[in-house]
Each structure stands twice: as structure tokens, then as C-alpha cells.
Amino acid sequence: MGARELGLPQHAPASGLPSRVTIWEVGPRDGLQNEKAVVPVEVKVEFLDRLAGTGLTVLEATSFVSPKWVPQLADAEELLGKLERRPGVRYPVLVPNGRGLERALVAGCTDIAIFASATETFARRNLNSGLDAQFDMFTPVMVSARDAGLDVRGYLSMCFGDPWEGPVPYGQVVAAGKRLLDLGCSRLSLGDTIGAATTGQVEGLLMAFADAGIGPERLAVHFHDTYGQALANTLTALRCGVSTVDSSAGGLGGCPYAESATGNLATEDLLWMLEGLGVETGVNLDELVATSVWLAERLGRPSPSRVVNALAR
Ligand code: HMG
Ligand code: MG
């Protein structure tokens, strides 16, 4: 008999955790932006539809960025045109500039995310901009997006270390994050773009935000799993009061402009932990595993998620 039929993971609630966690599923965007081969749009549409069927309520669908920079997501219009959006599910998209916003509005998006860097070097490499200049790019996007009634999330990358600059001081991250929130972002997602963070850093950064008057209800965490720390870092963030967690089905992911980044925290690994802890998510783990196995067959390689591999046996 399999682990699930036997009732595993065994339920053992722990204190000091939120009763419910919102999973912000980034696989279709953060995952598929990093695939070497172009994934057919039909596969992307089915992937999103299957994910919606698992109970996930936020699916980051694609990006309206320059197709010269991220050819993997050049089919954003076609994808959203073919996708049957389900009631009760949000489909945010990444938007860097005015052109991206125009495209997102034409595609009928109601949720967008702008994405900044906490460091100068990554702002240049990812946005062809600079630490200060990136906010000049986002300001008019924000004004128009709010006029159009959109919800705008803010991402901040390289919050826990940068592959070109090394350690990033908490004060620098808080200052950049505050600029995104001051622009009007509804929530700020703290990105460990290269997966280098360890738990003390997570606690330290969240305390630095709290000291600046920014509590965990305004924050989300976004851990890549390069060094195997993503789940421990997530648990630390939950203990600090964060209740929105970014993850990707099957552990897909990376960033084409940060070669040292691997996949995000796998949603299945997160779900196994949260189910054990009795934290509600509304997501069906078994259906999600089946979806990741289905996608892995189409991508031609196994999922890196430990839970997917254990349950798919
Ligand atoms: P640029 O080259 O300075 O822009 O790039 P440009 O204004 O000179 O435009 C270059 C060409 O792209 C022009 O076309 C524009 O029209 C076109 P041409 O005249 O040469 O034919 N263009 C666009 N086309 C469609 N949609 C657009 C758009 N913008 C320009 N929106 C730019 C500046 C910001 C555009 C570029 O750097 C870019 O697109 N960067 C995005 C990179 C990216 O998507 N990275 C991955 C996402 S971030 C991430 O993964 C981190 C995260 O997961 C959190 C974490 O892990 O830390 C969120
Ligand atoms: Mg990412």
C-alpha cells in the first residue's frame, strides 16, 4: 500500500504557524521561462488547467516581457487567448514596462506583478536598468495599472545574496522593498533568486522589515531550492507570520538571467510539510503530483521534487 493510502504524512500540528497558507503557484511562469526547448502553447494551457483543478487559486500564468529577452514566454497572448480562466482562480502575469502593461490589459489580465532587484548588477542584467532607474520604469506602469483597477504585486530579487555582488545587507533589501510598497504594490514577494539563503537570514530580514513597519501580512516568500534550503526557509518564514508562499509544481524553475538559480521550492514538497502540520491550503497533493508527472513526461525529464518522486513510484 502507498504512503497516501496509509494516511501519510501523519498529522502533527505545531504551534506558532498560520492556520492557512496561500500558495502562489509560479511554475507556469518561473518554471517555463527557463526551459531550453519551447514548450508548445497547448501544453502550457493544459498545465494551467490541470493546476486549477488541484485547488490552487493563484496561478502565475506567463510574462509580458520582451520576447527578445525571454523567448520561452513569447506566446503570452496566444496562451491567455486559449486558456479558459476559471472563476475563483487568479492568473497574475509579470509586467516590466508600459508595453507589457498594454499587452496585459488587451489580454484581459486583472492581476500583474512588477519585478525589481535589490542589487544594481541584477537590475542591469535582468531589466537593462539600474537600482534607481528600475523604479522610474515601474512608476508609470503602477499609475496606469491602478487606474485600470488591477492588483499589482511587487517582486524583489536577490534579497538573500547576489551571484555578482555577494552578501546583500538587510537595510538595502528593506529600502528597495519599501520603494515597491510605496509605489502601491499590494504585497511584496521576497526572492531568494539563487537559492542561497539560510534560516537565520530569513528571520533576520523579516525582523528588519518589521522594524521598518512592514509586517508579514504585506510579505510573501519566494525561495529557489538550489542549496536544498527552501523548505527550511519557508518554515522559518511561516513562524515569523508570513502566510503567502511562492512555489512551483514539480520544482520547475530558475531565472534565465541568473545562471546559478535552479528551480523553485516544489509545491508538492511544501504541501507534504503543510499537510503534516495541519495547515490548510485547499490543494489536492495527489492531483498535483499527477500533474507534475504528466508535465515531466512532456518535458522529457523527471521532476526534481522529492515528494513527486516518492509518490509517483
Ligand atoms: P531593453 O532591451 O532595454 O528594452 O529591455 P527596449 O525598450 O530597448 O526594448 C527592446 C525590444 O523589446 C524592443 O523591440 C521593444 O519593443 C521590445 P524592437 O524595437 O527592438 O523590435 N519590448 C517589448 N516587447 C514586448 N513586451 C514588452 C516589451 N518591452 C520591450 N514588455 C526590458 C528592457 C525590461 C524590456 C527587458 O530587460 C525585459 O524584458 N526583461 C525581462 C527579463 C525577465 O523576464 N526575467 C525573468 C523574470 S524575473 C525573475 O524570474 C525573478 C523572480 O522569479 C523573483 C526571484 O526569483 O527573485 C520574479
Ligand atoms: Mg523566481
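Nine strands form an open sheet in this predicted model, paired in parallel. Their order is S2-S1-S9-S8-S7-S6-S5-S4-S3. Strand S2 (58-59) and strand S3 (62-63) stand at the edges. Each has a single partner strand, so one side of each lacks a neighbour in the sheet.

Within the sheet, strand S6 (residues 151-157) runs parallel to strand S7 (residues 187-192), and four bridges join the two. Across this pairing, Gly 154 faces Leu 188 of S7.

Helix H9 (residues 230-239) packs on the sheet and touches S7, strand S8 (219-223) and strand S9 (244-247). Helix H10 (residues 267-277) lies across strand S1 (22-25) and S9. The table gives the direction of each helix against a strand.

| Helix | Strands in contact | Angle |
|---|---|---|
| H9 (residues 230-239) | S7, S8, S9 | about 170° with S8 |
| H10 (residues 267-277) | S1, S9 | about 170° to S1 |

Next, the metal site. Which residues are the protein donors of the magnesium ion (ligand 2)? They are Asp 30 through OD, His 222 through NE2 and His 224 through NE2. These donors lie 2.1 to 2.3 Å from the ion. Along the sequence, their spacing is D-x191-H-x1-H. The site links distant parts of the chain: Asp 30 sits in helix H1 (residues 27-31), while His 224 sits in the loop between S8 and H9. Asp 30 and His 224 are 194 residues apart. Are these two residues buried or exposed? Asp 30 is buried, and His 224 is buried too.

How values were computed. Residues numbered from 1 in each chain as written. Chains lettered and ligands numbered in written order. Predicted model: local features only at pLDDT ≥ 70, side-chain atom pairs only at ≥ 80, totals over all residues. Heavy atoms only, no water. Pairing = 2+ DSSP bridges. Contact = heavy atoms within 4.5 Å. Axes fitted to C-alpha atoms, helices over the stretch in contact; angles between N-to-C directions. Donors = N, O, S within 2.8 Å, 3.2 Å for Na, K, Ca; no water. Buried < 20%, exposed > 50% of the residue type's maximum accessible area, 1.4 Å probe, protein only.
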